[in-house]
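The following paragraphs walk through a single chain, moving from its loops to its helices and the contacts between them. Please keep the sequence and the coordinates at hand while reading.

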Amino acid sequence: MAGAGQGPAVGKLESQIYCIKYTLFCFNVVLWLFGVSIFALCLWICFEPGFNEWMRILELQKYFIGIYIILIASLAIMTIAFLGCGSALMENIKLLYAYIATQMGSFVFGLVGACVVLDFSTYDSSIQPLIKEVILRLVNNPQHEGSRDILRMVQEGIGCCGADGPMDYINLNKPLPSECRDSVTGNAYFQGCVDEMTWYLESKTAWLAGIVLASCMICVINAVMSLVLIQAVKKEEEESVAYKN
């Protein structure tokens, strides 16, 4: 009689497991799509015509460190998503434990990548002193043809003047170049190239960092759901054995 009362309990547990594993499956599909989006955005940033060359000329390759970390993380996310789908559908406890470990690894890796990207592409970040150093060095060497060309390219390209503004030229007793002036109004650009370039980089990586952080959140949800699924599967096995006895 004790065993007879456990039949409905086992059936109810099976329906709960069914719900959990297919919810986990759906979350893994979303995670895979995020991985594809992250991978595509990283490739776009790395291979955008002219951008990579521009960053190389300005000696700002550190910006790409976080991009490369996230690029590797996106490949891992896409692979792990398949593991998650398979382990959930098969209800394999060992695979689910392995999946939880990979989700935690993806969370840490993605978080590190996002932090590095934000630290080298946002206002008041580590990239600003590097930009300022390069711009001031170029302003100080107007006699060098390469410096003039690079500075002209930067100031005309993003509409800025000096590192922090036109006062950089005045303080260094340098003439204000024509590219420092608006071609329509003739007025000097008020904003310096440090802030303008930072905002430019920030606009390129804002969506990327946002999707990575969302993926990190999904990794945590998947790990928790997998742990719940493991406990449910174990309980189902225990109740099935008790029911048979």
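In this predicted model, Asn 173 sits in the loop that runs between α7, residues 167-171, and α8. The phi angle of Asn 173 is near 55°, which is a positive value in a residue other than glycine. With a relative accessibility of 72%, Asn 173 counts as exposed, because the cut-off for that class is over 50%.

A similar backbone question can be asked of another loop, the one between α2, residues 51-57, and α3, where Glu 59 is located. Glu 59 is not a glycine, and yet its phi is positive, at about 55°. The relative accessible area of Glu 59 is 49%, so that this residue is classed as partly exposed.

From that loop the chain leads into helix α3, which covers residues 63-90 and thus has 28 residues. The distance from the first C-alpha of α3 to its last is 42 Å, close to the 40 Å expected at 1.5 Å a residue. Just after α3 comes Glu 91, which takes a positive phi of about 55°. At the start of the next helix, α4, a side-chain oxygen of Asn 92 comes to within 3.1 Å of the backbone nitrogen of Lys 94.

Helix α4 has 27 residues, and its reach from first C-alpha to last is 39 Å, close to the 39 Å expected at 1.5 Å a residue. How, then, do α3 and α4 pack, and at what angle? The two helices, of which α4 spans residues 93-119, pack at about 160°, with their axes 9 Å apart. Because an angle over 145 degrees counts as roughly antiparallel, α3 is roughly antiparallel to α4. The crossing in which α3 passes α4 is left-handed. The residues that form this contact of α3 with α4 comprise 18 nonpolar and 7 polar ones, with no charged residue among them.

The buried residues of α4 include Ile 93, Leu 96, Tyr 99, Ile 100 and Gln 103 towards the start of the list, and also Ser 106, Gly 110, Gly 113, Ala 114, Val 116 and Val 117. In reading such a list it helps to recall that an α-helix has 3.6 residues a turn, so residues three or four places apart point the same way.

Two of these buried residues of α4, Gln 103 and Val 117, lead on to other parts of the chain. Which residue's side chain makes a polar contact with that of Gln 103? The partner is Asn 222, and the contact between the two side chains is 3.3 Å. Asn 222 belongs to helix α8, which spans residues 193-244, and its relative accessible area of 0% means that Asn 222 is buried. Ala 223 is also found in helix α8, and at 8% relative accessibility Ala 223 counts as buried. Although Ala 223 and Gln 103 are 120 residues apart in sequence, their C-alpha atoms are 6.2 Å apart in space.

For Val 117, the point of interest is its backbone oxygen, which lies 2.6 Å from a polar atom of the side chain of Ser 121. Ser 121 has its place in the loop between α4 and α5, the latter being residues 127-139. Is Ser 121 buried or exposed? At 0% relative accessibility, Ser 121 counts as buried. The side chain of Ser 121 is also joined to that of Thr 205 by a polar contact of 3.0 Å.

How values were computed:
Residues are numbered from 1 along each chain as its sequence is written. This is a predicted model: local features need pLDDT of at least 70, side-chain atom pairs count only at pLDDT 80 or more; totals for chains, interfaces and linings use all residues. Side-chain values use heavy atoms; hydrogens and water are left out. Helices (H or I, at least four residues) and strands (E, at least two) are DSSP runs, numbered from the N terminus. The expected span of a helix is 1.5 Å times one less than its number of residues. Axes are lines fitted to C-alpha atoms, for helices over the stretch in contact, and angles run from 0 to 180 degrees between N-to-C directions. Angles under 35 degrees count as roughly parallel, over 145 as roughly antiparallel, 65 to 115 as roughly perpendicular and the rest as oblique. A crossing is left-handed if the near helix is turned anticlockwise from the far one by less than a right angle, and right-handed if clockwise. Ala, Val, Leu, Ile, Met, Phe, Trp, Tyr, Cys and Pro count as nonpolar, Asp, Glu, Lys and Arg as charged, and the others, Gly among them, as polar. Buried means under 20% relative accessible area, exposed over 50%, partly exposed in between (1.4 Å probe, protein chains only). A polar contact is a pair of N or O atoms within 3.5 Å; within protein, one must be able to donate a hydrogen and the other to accept it, and residues adjacent in sequence count only if both atoms are side-chain atoms.
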